[in-house]
Amino acid sequence: MSRSNRFIKACRKEPVDCTPVWMMRQAGRYLPEYREIRAKHSFLEMCKTPELAAEITIQPVRRFEIDAAIIFADILLPFDPMGIKLEFAEGEGPIIRNPVRTMTDVRNLKQINPAAQLDYVMKAIRLALEKLNGFVPLIGFSGAPFTLACYLIEGGSSRSYQQAKTMMFKEPQTWHALMEQLTAIIVGYLNAQIDAGVQVVQLFDSWVGALGREDYKEFVLPHQKNLIAGIEKTVPLIHFANNANHLLDMVTEAGGDVIGIDWRCNLGSAWKEIGYDKGIQGNLDPASLFGTREFIRKRVKEILEHTGNRNGHIMNLGHGILPQTPIENAEEFINTTHALSKRT
Ligand code: CP3
């Protein structure tokens with residue numbers, strides 16, 4: 001079996017020759033070839049130039065035996081056509097100067113036409129697909145409504161999510177209006193990526209772990225269900241909720257063919273909880289890649305044991321790869337996964 005179809009087969013819970021593996025945020029600063037391009041361009045320039053974005057998408061595929069590429073873009077790109085000014089400040093991450101705090105702010109957000117206004121993403125997808133030429137599948141992605149809503153309300157990263165929770169608990173109608181609008185935008189954005197040719201899509205709900213169970217159920221779950229129901233069923237969907245192991249049953253209920261598991265929990269218990277009718281992705285602690293080769297091997301072996309050799313496991317990190325990660329350790333993770341999971 002070639003690298004070209006192992007990943008898709010695992011997403012569909014079909015038998016594979018060995019466990020497929022890719023890494024969240026695999027196109028990024030830990031790669032010298034990425035840093036070389038980054039030295040000449042801003043991050044947003046890189047996202048908005050299809051030739052550069054397609055090249056960066058392919059970089060980890062050239063270097064490693066990974067089983068999938070993920071389009072180089074960012075979850076915050078839809079903000080610009082919505083009328084939200086987004087900046088990436090050096091060392092500080094994303095900053096929004098005009099955060100969304102009131103019903104008037106929500107009403108002033110523009111509905112977007114993703115195929116037209118984010119056409120640079122669609123062009124990058126088509127170019128990356130040409131370059132990949134079927135060698136490995138290409139993943140498209142979007143942030144989930146909760147995570148995007150938090151960025152819009154907080155104006156950047158946050159520790160306590162105080163502003164977002166204030167809106168949620170004090171003005172629930174404003175919160176729900178914002179979530180509905182984001183849901184419609186994300187459905188359009190992911191369907192446009194599918195039309196452009198991506199073979200799998202992943203939802204990143206990076207911040208949803210900030211919520212307790214009752215709040216997820218009331219303020220997120222209905223929107224997340226509508227979102228997933230609206231996405232074309234022609235490609236598998238991976239639903240990743242970070243730091244959300246206390247929400248796994250509801251994340252699963254919201255939908256997805258594969259559930260992404262963060263590094264904080266045991267993959268075996270998580271799979272049992274979500275049910276073996278779903279695929280599972282994860283979940284090596286990205287910080288494990290700062291350990292010795294032996295340590296990485298040991299942890300990979302343990303995760304593979306937790307799957308009980310069932311079909312439908314995609315190996316990944318339990319969150320994005322860290323910028324200082326030694327490349328040879330990323331390689332060790334990928335090669336060990338293949339070597340230790342060979343089916344006989
Ligand atoms: O996975 C990939 O390789 C594809 C590219 C990708 C990026 N961002 C590129 C990027 C993906 C899938 C993302 C998703 C993303 N973006 C998430 C969800 C994933 C997660 O980790 O939970 C989030 C929360 C963001 C928002 C974002 N973008 C932040 C907070 C930052 C700054 C912090 C940081 O990591 O630097 C970014 C910038 C960003 N997005 C970079 C890259 C490669 C770094 C830009 C640079 O080179 O300076």
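Here is a short conversation about the predicted model shown above.

Reader: Happy to dig in! Which residue ranges make up domain 1 and domain 2?
Author: Good place to start, since the chain is divided into two domains in this predicted model. Domain 2 covers 43-63 + 68-251. Domain 1 is made of 1-26 + 261-344.

Reader: How many Å separate the centres of domain 1 and domain 2?
Author: The centres are taken over C-alpha atoms. The contact itself takes 21 residues from domain 1 and 26 residues from domain 2. From centre to centre, the separation is 24 Å.

Reader: What area is buried between domain 1 and domain 2?
Author: The size of an interface is often given as the accessible area lost when the parts come together. Here carbon and sulfur atoms give 62% of the buried area between domain 1 and domain 2. The area itself is about 2,100 Å².

Reader: Which residues of domain 1 lose the most area to domain 2?
Author: Three residues stand out on the domain 1 side, and together they give 26% of what that side buries. They are Arg3, Trp22 and Gln26.

Reader: How many residue pairs are in polar contact across the interface of domain 1 and domain 2?
Author: Salt bridges do not contribute here, as the rule finds 0 of them across the interface of domain 1 and domain 2. Polar contacts are found, though, counting pairs with both residues at pLDDT 80 or more. Their number is 6.

Reader: Which element gives the largest share of the side of domain 1 that touches domain 2?
Author: Two elements give two or more residues to that side: α1 (3-11) and α15 (267-274). The largest share is 5 residues, and the element that gives it is α1.

Reader: Staying with α1, which residue meets Arg6 in a salt bridge at 2.7 Å?
Author: The pair links distant parts of the chain, with Arg6 in helix α1 and its partner in the loop between α4 (50-63) and β1, 61 residues apart. Arg6 counts as buried because its relative accessibility is 8%, under the 20% cut-off. The partner is buried too, with a relative accessible area of 0%. That partner is Asp67.

Reader: Which residues are joined into one network with Arg6?
Author: The network comes from salt bridges that share partners. One of the bridges is the pair Arg6 and Asp67. Joined with Arg6 are Asp17 and Asp67.

Reader: How many salt bridges does the rule count?
Author: Among them is the bridge between Arg264 and Asp262, with the closest N and O atoms 2.5 Å apart. In that pair Arg264 is partly exposed at 38%, whereas Asp262 is buried at 0%. The count comes to 16.

Reader: Is Glu90, which bridges to Arg38, buried or exposed?
Author: The side chains of Glu90 and Arg38 meet at 3.8 Å, N to O. Glu90 sits in the loop between β2 (86-89) and β3 (93-96), and Arg38 in helix α2 (residues 32-38), 52 residues apart. Arg38 is partly exposed at 25% relative accessibility. Glu90 has 69%, which is over the 50% cut-off, so Glu90 counts as exposed.

Reader: What is the nearest side chain of opposite charge to Asp74?
Author: Asp74 is found in the loop between β1 (69-70) and α5 (79-82), and it is buried yet has no salt bridge. The nearest side chain of opposite charge is 5.2 Å away, and a salt bridge needs atoms within 4 Å, so the pair does not qualify. That side chain belongs to Arg25.

Reader: Which backbone nitrogen lies 3.0 Å from a polar atom of the side chain of Asp74?
Author: Leaving aside residues up to four places away in sequence, Asp74 touches Phe43, Phe88 and Phe141. The backbone nitrogen 3.0 Å from a polar atom of its side chain is that of Leu76.

Reader: How many residues of helix α9 are buried?
Author: Helix α9 (residues 145-154) is mostly covered. Its buried residues include Phe146, Cys150, Tyr151 and Glu154. Just after α9, Gly155 takes a positive phi of about 85 degrees. Within the helix, the buried count is 10 of 10.

Definitions and conventions:
Residues are numbered from 1 along each chain as its sequence is written. This is a predicted model: local features need pLDDT of at least 70, side-chain atom pairs count only at pLDDT 80 or more; totals for chains, interfaces and linings use all residues. Side-chain values use heavy atoms; hydrogens and water are left out. Helices (H or I, at least four residues) and strands (E, at least two) are DSSP runs, numbered from the N terminus. Buried means under 20% relative accessible area, exposed over 50%, partly exposed in between (1.4 Å probe, protein chains only). Lys and Arg count as positive and Asp and Glu as negative; His and the chain ends are not counted. A polar contact is a pair of N or O atoms within 3.5 Å; within protein, one must be able to donate a hydrogen and the other to accept it, and residues adjacent in sequence count only if both atoms are side-chain atoms. Contact means heavy atoms within 4.5 Å. Domain bounds come from an automatic or database domain assignment. Buried area is the accessible area (1.4 Å probe) that two parts lose on being put together, summed over both.
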